[in-house]
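Please open the model in your viewer and keep a selection panel at hand. The tour below moves from one selection to the next and says what is to be found at each stop.

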Amino acid sequence: MKKIFFFLAVLLVSVATVEAQDSKDFMKSFEEFRRGIHQNYNDFRSKCMKDYIAFLRNAWADVKGEVPERVPQEQTVPPVVMPIEEIDKPLDDKKIEIEEVVTPVIETEPRPEPVEPVKEVPVVTPKYVSFSFFGTEARVRFDVSKSIKLSGVSGEQVAVAFEKIDTKAYDNLLFDCLALRSELQLSDWAYLIMLNRLSETICGGKNNNAVLTMAYLYMMSGYKMRLALKDDRIYLLYATRHHIYDQTFFEIDGVRYYGIEELPLNLYICDAAFPKEKELSLIIDQNQKLSYVASVQRTVKSEAYNDIHISFAINKNLMDFYTTYPTSFINDNIMTRWAFYANTPLDARLSKQIYPVLRAQLQGLSEPEAVGRLLNLVQTGLEYGYDDEVWGDDRAFFAEESLFYPYCDCEDRSILFTRLVRDLLGLKCILVYYPGHLASAVCFNQHVAGDYIELGGKRFVIADATYVNAPVGATMPKMDNSTAKVIMLEN
């Protein structure tokens with residue numbers, strides 16, 4: 001029996017020794033495998049950069065830009081006040097026949113990403129760069145002594161500058177930039193502006209080194225861009241499927257490229273592509289978490305319903321961001337431009353201030369009653385003003401802007417109203433376009449009398465935020481329904 005126990009003990013020790021050796025071998029193999037993946041990543045990225053730099057030396061050509069497209073100017077329709085004696089008159093059902101329905105279908109694609117995941121590089125004592133954009137303070141790891149320093153402006157000198165980039169120094173910088181994009185939920189446009197501010201901070205202002213730094217970070221983040229030269233200056237051109245108003249653009253192989261500043265009409269452009277590059281999107285599909293600086297408190301109240309009123313402050317940093325947002329359209333349809341504003345979610349800090357209050361004020365009301373009160377709040381609580389008088393040109397507002405600025409017009413009111421109805425009541429809405437005017441319509445779960453549009457077997461009843469004191473179902477006078485077009489909105 002003792003011999004048996006001795007034999008088993010020896011066997012267990014042997015098995016444990018073998019297992020320990022196997023574990024060591026496994027860990028060694030895994031570490032080699034991990035290093036191999038990391039090395040393969042570095043090799044692949046290095047090859048991509050090597051190929052790109054080769055193009056920088058050769059693929060330049062003179063390109064003539066396209067004259068900016070101007071925002072269509074239309075004869076504006078002034079607001080109308082419904083006479084008191086007509087407000088409570090029963091409305092008859094009247095179907096509005098629509099010839100064109102615009103559905104701004106945007107292909108949902110993943111955000112641009114680096115050609116391969118960016119790995120952090122261990123640094124014993126990292127150095128940092130602090131910068132600010134739209135009042136939001138940020139910090140990234142970077143040693144400014146490693147920054148790009150151009151010796152001149154030519155394709156060859158740009159290539160040499162890219163060759164000298166210390167990727168280890170820039171990897172943590174790129175990693176931190178992408179982390180900020182995710183953490184702050186930045187749209188593509190906000191990320192572009194952030195990289196611009198950061199690059200200018202690193203390079204000491206607006207200069208060619210800053211443009212090239214931004215170009216590198218933007219390209220390595222997965223975005224499609226091109227470099228251009230003109231009169232000892234370097235320009236970054238970003239690609240987008242959107243048609244942007246009032247900006248010179250360059251079309252290369254069917255793709256439009258714009259600049260974050262006004263561009264010369266002729267440029268010497270390098271059409272060098274980087275793998276997996278994607279165009280910038282101007283869609284804002286989530287709240288951007290910019291630092292909060294409260295505006296002056298404001299109160300908006302309905303004239304017809306004393307119990308409907310809200311008080312709030314707006315994030316001024318968000319307002320500053322929105323002033324940079326370019327007006328655009330997509331899918332070759334200029335009607336899509338209003339959908340970008342209307343589909344942008346309301347800032348969470350604002351919705352937390354006003355939505356609980358409005359829900360309490362609307363509690364117990366029927367859908368038509370609740371919509372009617374929200375409609376009157378927008379009709380009578382805001383001051384009407386024409387864009388060309390206030391801004392000098394046509395400029396649509398995001399929902400928050402109509403509550404921030406002292407004046408707003410028909411398109412701004414419709415955007416705000418449909419945002420409130422969708423968020424608070426969960427009802428589908430559409431925008432209704434007439435030449436010079438924008439109204440809206442709401443799909444109810446019960447019959448509501450008045451002018452309506454039928455879409456997919458559902459009734460959308462007119463609600464005009466510029467027809468002051470008008471109830472749901474009333475179309476503003478002198479609107480030619482034969483010219484009306486529908487713009488579908490996201491729910």
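Leaving aside its neighbours within four places in sequence, which residues is Ser221 in contact with? Select Ser221 in this predicted model, and then add Pro112, Glu113, Pro114, Leu174, Leu178, Arg181 and Tyr191, which are its contacts once the neighbours within four places in sequence are left aside. Ser221 is placed in the loop between H6 and strand S7 (225-230), and it counts as buried because its relative accessibility is 0%. Among these partners, Tyr191 is joined to Ser221 by a polar contact of 2.8 Å between the two side chains. Keep Tyr191 selected and display Arg181 as well, since Arg181 lies over the face of the Tyr191 ring, at 5.4 Å from the ring centre.

From here, go to Gln185, in the loop between helix H4 (167-183) and helix H5 (188-202). Its phi is positive, at about 55 degrees, although Gln185 is not a glycine. Most residues other than glycine have a negative phi. A second residue to select for this reason is Asp232, whose phi is positive at about 65 degrees although it is not a glycine either. Asp232 lies in the loop between S7 and strand S8 (233-240), and with a relative accessible area of 63% it is exposed.

Next, turn to the nonpolar interior. The largest nonpolar core has 129 residues, of which Tyr52, Phe162 and Leu227 touch the most other members. To see which element gives the most to this core, select helix H6 (residues 208-220), which supplies 10 residues. Then centre the view on Tyr52, which, its neighbours within four places in sequence left aside, is in contact with Phe162, Met219, Met225, Leu227, Ala272, Ala273 and Phe274. Another core, of 21 residues, lies apart from this one, and Val77, Ile430, Val432 and Phe460 are among its members.

The aromatic residues make the next stop. The structure holds 23 aromatic pairs. In one of them, Tyr341 and Phe398, the ring centres are 4.7 Å apart and the planes stand at 50 degrees, so the pair is tilted. This pair links distant parts of the chain, with Tyr341 in helix H8 (residues 337-342) and Phe398 in the loop between helix H11 (387-390) and helix H12 (399-404), 57 residues apart. Both rings belong to buried residues, Tyr341 having a relative accessible area of 3% and Phe398 one of 1%. Extend the selection to Phe131, Phe133, Phe134, Phe321, Tyr322 and Tyr325, which ring pairs link with Tyr341 and Phe398 into a cluster.

Within that cluster, follow Phe133 and Phe134 to the backbone. Strand S5 (residues 128-133) and strand S6 (residues 136-141) pair in the antiparallel sense over six bridges, and the bridge partner of Phe133 in S6 is Thr136. The two strands form a hairpin with two residues between them, and in the turn Phe134 has a positive phi of about 50 degrees.

For the last stops, select Ser328, in strand S15 (residues 328-329). Ser328 counts as buried at 1% relative accessibility, and its side chain makes a polar contact of 3.3 Å with the side chain of His242. Beyond its neighbours within four places in sequence, Ser328 is in contact with His242, His243, Ile244, Tyr245, Leu282, Arg337 and Phe340. Finally, select Arg256 and Phe249, where the charged end of Arg256 sits over the ring of Phe249, 3.9 Å from its centre.

Methods:
Residues are numbered from 1 along each chain as its sequence is written. This is a predicted model: local features need pLDDT of at least 70, side-chain atom pairs count only at pLDDT 80 or more; totals for chains, interfaces and linings use all residues. Side-chain values use heavy atoms; hydrogens and water are left out. Rings of Phe, Tyr and Trp (its six-membered ring) pair if their centres lie within 6.5 Å; planes under 30 degrees apart count as stacked, over 60 as edge-to-face and the rest as tilted. Helices (H or I, at least four residues) and strands (E, at least two) are DSSP runs, numbered from the N terminus. Buried means under 20% relative accessible area, exposed over 50%, partly exposed in between (1.4 Å probe, protein chains only). A charge sits over a ring if NZ of Lys or CZ of Arg is within 6 Å of the ring centre and within 35 degrees of the ring normal. A nonpolar core is a set of buried Ala, Val, Leu, Ile, Met, Phe, Trp, Tyr and Cys residues joined through side-chain atoms within 4.5 Å. Contact means heavy atoms within 4.5 Å. Two strands pair if DSSP finds at least two bridges between them. A polar contact is a pair of N or O atoms within 3.5 Å; within protein, one must be able to donate a hydrogen and the other to accept it, and residues adjacent in sequence count only if both atoms are side-chain atoms.
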